[in-house]
Every structure is written in C-alpha cells, then in structure tokens.
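Welcome to a short set of exercises on one protein model. Take a look at the sequence and the fold, then try each task before reading its solution.

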Amino acid sequence: MATNELVLPTLDDIRDAERLIAGHVLRTPFLPAPRLSELTGAIVSVKYENLQVTNAFKERGALVKLLSLSDDEKARGVVAMSAGNHAQAVAYHATRLGIPSTIVMPETTPHVKVAATRGFGAEVVLKGETVAESEREADRLARDRGLTWVHPYDDFHVVRGQGTIALEMLADVPDLDVLVIPVGGGGLAGGMAIAAKALKPEIEIIGVETRLYPSMWAELRGLPVEAGGTTLAEGIAVRRVGRLTLEIARRLMDDLILVDEDQIERAVNSYLTLQKTMAEGAAGAGLAALVAEADRFKGRKVGLVLCGGNIDPRILSSIMVRELARQEKIVGIRLIIPDRPGLLGEISTVIGALGGNILEVEHHRTFLKVPAKGATLDVVFEARDGAHAREIVAALEARDFTVERLGQA
C-alpha cells in the first residue's frame with residue numbers, strides 16, 4: 001500500500017468507536033421537534049449534542065483519538081490547535097485520562113474560551129493572529145516536544161468517533177430520509193455519512209456551509225476556495241478541508257447547501273425561542289438550510305445535528321433583539337418636533353393609549369437638518385406585531401408628526 005493512500009473508516013470502525021466512548025460521552029437525546037417541523041414543512045428531529053460536558057459533539061472524536069494512542073504517546077502528551085470546541089474536548093478528556101495536553105489558540109481567542117480550556121486542565125499557548133499561524137506553532141511544539149497531534153477533523157480516529165452520532169440517530173429513528181449536517185473541515189459529516197450510508201444506503205446526506213466559507217463546496221466542484229469574513233458560524237469557518245474528509249464527501253455526500261448569515265442568525269433564534277435550547281452559529285446551519293430550501297425537504301423525515309451550544313451570551317441577546325425587530329415587535333421611529341414643553345408627554349400618551357410600550361427615548365437638538373427651535377426624538381417601543389406598529393405610526397402621523405422608521409432593511 002502506498003504511504004499516501006487514504007484509509008477510510010468503515011462501519012465496523014465506527015461501531016468500535018461507539019463501544020470505546022460508551023459511558024464516557026453522553027448518548028444525547030434525538031427528539032421530535034414539532035415546532036421546527038411547522039416552521040420548515042419537514043418532519044424534523046434534533047440530536048442535542050449541545051448537552052455534552054463541553055457542550056459540543058467534538059468530545060466523541062477527541063476521545064476516540066486519545067484512546068488510540070500508545071502508552072508512550074500518552075506519556076509524552078498531545079497537542080491540538082483550536083479556538084473553540086475541539087480545544088475544550090481534547091483538554092477535558094486528556095485530563096480525565098491523565099494525558100498532558102497543550103492547546104495552541106490564536107491570540108484573538110475570546111478570554112472565556114481560553115479560561116474554559118485551561119479550566120479543563122490543558123496548557124494553553126496563545127500564538128498567532130490567525131488559525132494558520134497557530135497551526136504552525138502547534139507543528140513546532142509537536143516536533144520539539146514529541147507530542148502527538150490531535151487534529152480537529154482530518155484524522156481517521158476523529159472521523160470514526162464523530163460517526164457514532166449517526167449510529168445513535170438511526171437506532172432511534174430508523175426511517176429517516178435525510179441527514180442535514182454542518183460542514184467545516186468535514187469530520188462530522190464524513191463520519192456520519194460513512195455510518196449512515198452503510199446502515200441505510202438510500203438515506204440522503206446533505207452538508208451545509210456558510211456562504212462566507214464555502215471550502216468543501218468549492219473543492220467538490222474543482223473551484224478555487226474563496227473564503228473569508230466575519231461569520232456567526234465560526235465553528236465551520238474553515239478555509240481548508242481535510243484530505244480524508246474531502247474524499248469521504250466525494251464518495252458519500254449527496255449535496256451541499258450554502259446558507260447566508262441572516263439565515264443562520266434566524267435559525268439560532270428559532271432554536272432558542274421554539275426549542276428552548278442554545279445553538280451556536282455552526283449548529284444553526286442545518287436548520288437554516290431547511291428554511292432556505294423548504295420545498296426540497298417538505299414532508300421528509302429529517303435529522304438535524306445541534307452540534308454545539310457554545311455561543312457568547314451577548315451575541316445571543318443581540319440575535320434575539322434583532323429578530324424581534326424583524327418581526328416588528330420592537331420598532332424604532334424618529335420624529336422631528338418643535339422643542340416645547342409637554343410634547344414628549346403627548347407622544348407617549350398616543351403610543352401608550354394604543355398599547356405600545358416605550359423602551360427608549362432620545363432627544364437630538366444639534367442636528368443641522370433640524371430647525372433651531374426644533375429637535376428630533378428617537379423612540380423605541382414594543383408592539384404586538386407589524387400591524388400594531390403601523391397603527392401606532394399612523395396615529396402619530398394623524399397628529400401631524402413626521403415619522404421616519406429606523407433600522408429597516
């Protein structure tokens with residue numbers, strides 16, 4: 001066999017991984033989601049990998065890789081490069097197994113993620129502005145210290161570990177028609193595709209990437225990879241997929257869908273408001289695809305992987321407020337008014353009498369487009385829906401106020 005020939009995991013390899021992780025990684029629930037079914041038109045069930053100890057699926061592959069090491073490799077320790085879920089998964093299980101772990105993270109990694117990784121027992125090295133620079137540092141440490149690499153996705157054992165998710169999903173719901181899986185480097189989709197296609201050849205495997213990082217999509221089409229930008233789905237913001245995972249995708253992935261940032265954002269909000277569960281941006285990608293291409297999935301039994309729940313609470317709160325604004329349940333308006341006593345009370349009375357709830361009020365008297373004896377008044381209020389908001393605006397206009405809606409796309 002040529003040394004560069006790729007060896008793909010088999011169903012037996014994934015079943016062996018399932019045996020290895022039993023009792024050490026949570027067998028997460030896979031449950032019907034009637035409200036998501038109503039939203040999308042598909043028959044949706046959700047696999048809640050956000051319930052793992054580190055709140056993400058990465059524990060499966062990391063643990064299988066660590067258990068594959070020789071005693072000498074375990075004694076020398078492991079190194080990984082990650083700014084997120086993989087870092088915490090390696091740190092947690094390495095510490096639990098008594099294996100020293102070093103995690104290289106970009107210098108820009110949020111402090112909360114650095115603290116969490118250290119809290120699981122890893123030595124954290126902050127090096128580089130980019131993931132590529134961090135990866136070079138991890139390579140150097142591996143050589144200098146004799147550490148074993150635990151790659152986040154392009155590894156035989158990591159891939160077979162992630163494939164255990166599909167075993168559990170099909171054991172719980174054997175008649176699934178399609179799996180919709182977020183794709184970053186491809187380890188999750190690759191392992192799940194191997195297991196699912198072996199158990200049920202007719203099942204459809206659909207990958208999902210953010211449009212800003214269409215790395216697998218481009219590779220499968222022989223196109224240059226053009227990726228970059230700030231994405232909510234940083235967990236799948238990968239510029240270079242793995243050799244192993246690309247080969248699995250070529251053989252077993254039926255299609256790959258690209259989704260936009262606003263679609264991911266709304267999916268994260270839907271998980272929170274409809275399912276009462278936390279989904280990070282990457283985890284929202286699958287649901288975003290179902291909404292974006294609803295006709296394709298209508299009436300079909302779809303399995304979604306909620307692959308992680310590690311989202312910054314500040315970002316999550318912003319997403320919730322933005323969605324309320326989209327639904328016109330929070331509305332911003334600007335009025336140009338004469339600067340005289342009592343007018344604010346009059347405006348407040350109009351809004352309150354119609355059932356609106358004022359959240360914020362701000363005067364501006366120095367805008368040059370405002371008359372010297374005038375002011376602008378910005379008001380943010382709650383409404384029941386768009387029709388209610390329009391009713392309030394109409395009532396203000398009937399009092400001869402000029403009203404401009406703020407923040408509308």
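The exercises below go from the whole chain to single residues.

This is a predicted model, in which local features need pLDDT of at least 70, side-chain atom pairs count only at pLDDT 80 or more, and totals for chains, interfaces and linings use all residues. Residues are numbered from 1 along each chain as its sequence is written, and side-chain values use heavy atoms, with hydrogens and water left out.

**Exercise 1. The whole chain**

Describe the protein chain by its secondary structure, its box and its burial.

Step 1. Begin with helices (H or I, at least four residues) and strands (E, at least two), which are DSSP runs numbered from the N terminus. The protein chain has 18 helices and 14 strands.

Step 2. Along the principal axes, the C-alpha atoms fill a box of roughly 85 × 50 × 40 Å.

Step 3. Buried means under 20% relative accessible area, exposed over 50%, and partly exposed in between (1.4 Å probe, protein chains only). Of the 409 residues, 52% count as buried.

Step 4. Now take contacts (heavy atoms within 4.5 Å). Among those with a separation of 6 or more, 72% join residues 24 or more positions apart.

**Exercise 2. The two sides of a helix**

Work out which residues of α7 are buried and where they sit around the axis.

Step 1. Helix α7 covers residues 131-145, 15 residues in total, and reaches 21 Å from its first C-alpha to its last. That is close to the expected 21 Å, where the expected span is 1.5 Å times one less than the number of residues.

Step 2. The buried residues of α7 are Ser134, Glu135, Glu137, Ala138, Leu141 and Ala142. They lie on the same side of α7 because they cover an arc of only 160° around the axis, the arc being that of the directions from the helix axis to the C-beta atoms.

Step 3. Arg136, Arg143 and Asp144 are exposed on the other side of α7.

Step 4. The buried residues pack against β3 (78-81), β4 (101-105), β5 (123-126) and β6 (148-149). Just after α7, Gly146 takes a positive phi of about 70°.

**Exercise 3. The sheet**

Give the order of the four strands in the open sheet, and place α5 on that sheet.

Step 1. Two strands pair if DSSP finds at least two bridges between them. The order is β5-β4-β3-β6, with parallel pairing.

Step 2. β5 and β6 are the edge strands, each pairing on one side only.

Step 3. Four bridges join β4 and β5 in the parallel sense. Val124 in β5 is the bridge partner of Ile103.

Step 4. Helix α5 (residues 85-96) packs on the sheet and touches β3 and β4. Its direction makes about 170° with that of β4; axes are lines fitted to C-alpha atoms, for helices over the stretch in contact, and angles run from 0 to 180 degrees between N-to-C directions.

**Exercise 4. A glutamate in a strand**

Is Glu209 buried or exposed, and which backbone nitrogens lie by its side chain?

Step 1. Glu209 is found in β8 (residues 204-210). Glu209 is buried, with a relative accessible area of 0%.

Step 2. Leaving aside neighbours within four places in sequence, the contacts of Glu209 include Val183, Pro214, Ile236 and Leu258.

Step 3. A polar atom of the Glu209 side chain lies 3.3 Å from the backbone nitrogen of Ser215. For the backbone nitrogen of Trp217, the distance to a polar atom of that side chain is 2.9 Å.

Key: Polar contact = N/O pair within 3.5 Å; in protein donor to acceptor, adjacent residues only side chain to side chain.
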